[in-house]
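Open the model in your viewer and set it to cartoon, with side chains ready to be shown on demand. The stops below give a selection to make and then what is found there.

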Amino acid sequence: MKIVMIGAGYVGLVSGACLADFGHDVICVDKDAGKIADLEANRMPIYEPGLAQLVKSNVETGRLSFSLDLPAAVADADAIFIAVGTPSRRGDGHADLSYVFAATREIGAALTGPTVVVTKSTVPVGTGDQVERILRDVAPDIEAAVVSNPEFLREGAAIGDFKRPDRIVIGTTDERARAVMRAIYRPLYLNEAPLLFTARRTAELIKYAANAFLATKITFINEIADLCEQVDADVKDVARGIGLDNRIGPKFLHAGPGFGGSCFPKDTLALLKTAEDHESPMRIVEAVVQVNEQRKRAMGRKVIQAAGGDVRGKRIGVLGLTFKPNTDDMRDAPALAIVQTLLDGGAEVRAFDPEGMEAARPMLPDVTLVGDPYAAAEGADALVIVTEWDLFRALDLKRVARLMALPILVDLRNIYPPEEALAAGFSYTSVGRSAVSGDFAAVQPKMAEDAATG
């Protein structure tokens, strides 16, 4: 089938490359000439494991191409996917649908025959109805069915998520559109991925409901972590104990500094605005948004407390800036609020991230970005792990402690067992577990000697 993907950003590029890998002919269209030039030279605009090779192999076979020319691309397409951004609208938090509607108008003006227009972007309930009205206004004589097909891609694992999905949600009651969508996803038949056909508005709501529920699980376990610290319990054991219940499940029960990224913050807010518009309050989601926002700066204060309650003039090392590992995405990353809290407290911050430093640089102009984890630790009065990159999971902790002015480790992702940090001589603070103090003198003999001599 000939498929056109409008938007060569995260969702459009990953989806387009995977559909091409299924054997479809795919054109990814974007207005950004620099992005298209980069893609044609196999330079990826985003970091996603395996994406560069997937794009390269499908370009070489001729199944995947890139274009600035939307009218030429969509003229005889079997299906046109809209995968443009829907950021939070400034001022009121609603999803900004201007890119979706602009793309729809261009599509309508270029259509020459029957087609299926698919909203892949995350859009509020009722957006498909508006897309359909625009198409009818622009191209009243063209038969174009509008379908909702929300994406469920996790950054850092997007290719696997697309090729081995838990489900594929398709919102349409049009039989021809159903047949086209079945044909598009037929290659997933062997994986037995269920195709869930629903009404279009239902499909639009499924996406928001899923993200809001996952955000709620994260926020719930974070509040349980706070309680664990007060009652001397271990949140990792609590999470395992409840996660073994099949009704709950283990995923998204990892305590940490709060959620960020391109989806959960904007989607929970957009859902609240939709509920508000329809006079159907969602108090649980309201609490999730408020608690998560407050948590990020609270984690900054947690670092300050671990460093003695005052960081003025102290050097703090930060490991991890992106909102999660295996991505370069800094959108709403907890590190932004955490680092700002440290800077507001008068600290000097040195930070390292394996992939996110280029994106972080303009967002954190007062932070010194360094080349590796050990450089971030050098001379630091405390070191904080904010993002659980694999690179940080097997650090030489004794070497880290020797490099630091004070061996204080704040692990906001609980990636180290307390006893391991203790053995390396650290004062160790994690999330939802009791803080422990190691033998500073074992790793900092000079510091201990200076303290003894006054």
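A polar contact is a pair of N or O atoms within 3.5 Å, and within protein one must be able to donate a hydrogen and the other to accept it. The model is predicted.

**Stop 1: Lys302**

Select Lys302, which lies in helix α12 (residues 283-306). Which side chain does the side chain of Lys302 make a polar contact with? The partner is the side chain of Glu229, at 2.8 Å. Buried means under 20% relative accessible area. Lys302 has a relative accessible area of 15%, so Lys302 counts as buried. Show its surroundings next: leaving aside neighbours within four places in sequence, Lys302 is in contact with Glu229, Leu412, Thr429, Ser430 and Val431.

**Stop 2: Asn222**

Move to helix α9 (residues 200-231) and select Asn222. Is Asn222 buried or exposed? Asn222 is buried, with a relative accessible area of 2%. Beyond its neighbours within four places in sequence, the contacts of Asn222 are His254, Ala255, Gly256, Gly258 and Arg295.

**Stop 3: Cys263**

Select Cys263, in the loop between α10 (235-243) and α11 (264-277). An unreviewed UniProt entry places the feature "active site" at Cys263. The relative accessibility of Cys263 is 21%, so the residue counts as partly exposed. Not counting residues up to four places away in sequence, Cys263 touches Glu151, Asn211 and Thr268.

**Stop 4: helix α5**

Select residues 98-110, which form helix α5. This helix has 13 residues and reaches 19 Å from its first C-alpha to its last, close to the 18 Å expected at 1.5 Å a residue. Now show side chains. Which residues of α5 are buried? They are Val100, Phe101, Ala103, Thr104, Ile107, Gly108 and Ala110. An α-helix has 3.6 residues a turn, so residues three or four places apart point the same way. To see what covers the buried residues of α5, add β1 (2-6), α4 (70-74), β4 (79-82), β5 (115-119) and α6 (127-138), which are included in the cover.

**Stop 5: residues 317-418**

Colour residues 317-418 separately. The annotation "domain: UDP-glucose/GDP-mannose dehydrogenase C-terminal", from an unreviewed UniProt entry, covers this span. The end C-alpha atoms of the span lie 19 Å apart, and the span is 27% helix and 18% strand.

**Stop 6: strands β9, β10 and β11**

Select strand β9 (residues 315-319), which is joined to β10 by five bridges, the two strands running parallel. Within this pair, look at Leu319, which stands opposite Phe352 in β10. Add helix α13 (residues 334-344): β9, α13 and β10 make a right-handed β-α-β unit.

Now keep β10 (residues 348-352) alone in view. Four of its five residues are buried, so β10 is largely enclosed by the rest of the structure. Then bring in strand β11 (residues 368-369), which pairs with β10 in the parallel sense over two bridges. Here Arg350 has Thr368 of β11 as its bridge partner.

**Stop 7: strand β12 and Leu383**

Select Leu383 in strand β12 (residues 382-385). Leu383 has a relative accessible area of 2%, so Leu383 is buried. Turn on the side chains of the strand. In a regular strand the side chains alternate between the two faces of the sheet. From β12, Ala382 and Val384 point one way and Leu383 and Ile385 the other way, and all are buried.

Which residues does Leu383 touch, not counting residues up to four places away in sequence? They are Gly317, Val318, Leu319, Ala376, Ala377, Val400, Met404, Ile408, Leu409 and Val410. For a C-alpha to C-alpha distance, pick Leu383 and Ala306: they are 77 residues apart in sequence and 10 Å apart in space.

**Stop 8: the partners of β12**

Show β9 and β12 together; they pair in the parallel sense over four bridges. In this pairing Gly317 stands opposite Leu383. Then add strand β13 (residues 408-411), which pairs with β12 in the parallel sense over three bridges. The bridge partner of Leu383 in β13 is Leu409. To end the tour, trace the chain from β12 through helix α16 (residues 397-403) to β13; this β-α-β crossover is right-handed.

Note on methods:
Residues are numbered from 1 along each chain as its sequence is written. This is a predicted model: local features need pLDDT of at least 70, side-chain atom pairs count only at pLDDT 80 or more; totals for chains, interfaces and linings use all residues. Side-chain values use heavy atoms; hydrogens and water are left out. Buried means under 20% relative accessible area, exposed over 50%, partly exposed in between (1.4 Å probe, protein chains only). Two strands pair if DSSP finds at least two bridges between them. A crossover is right-handed if, with the strands pointing away from the viewer, the path from the first strand over the helix to the second runs clockwise. UniProt positions are given in the numbering used here, feature names are shortened, and annotations may be inferred rather than shown by experiment. Contact means heavy atoms within 4.5 Å. The expected span of a helix is 1.5 Å times one less than its number of residues.
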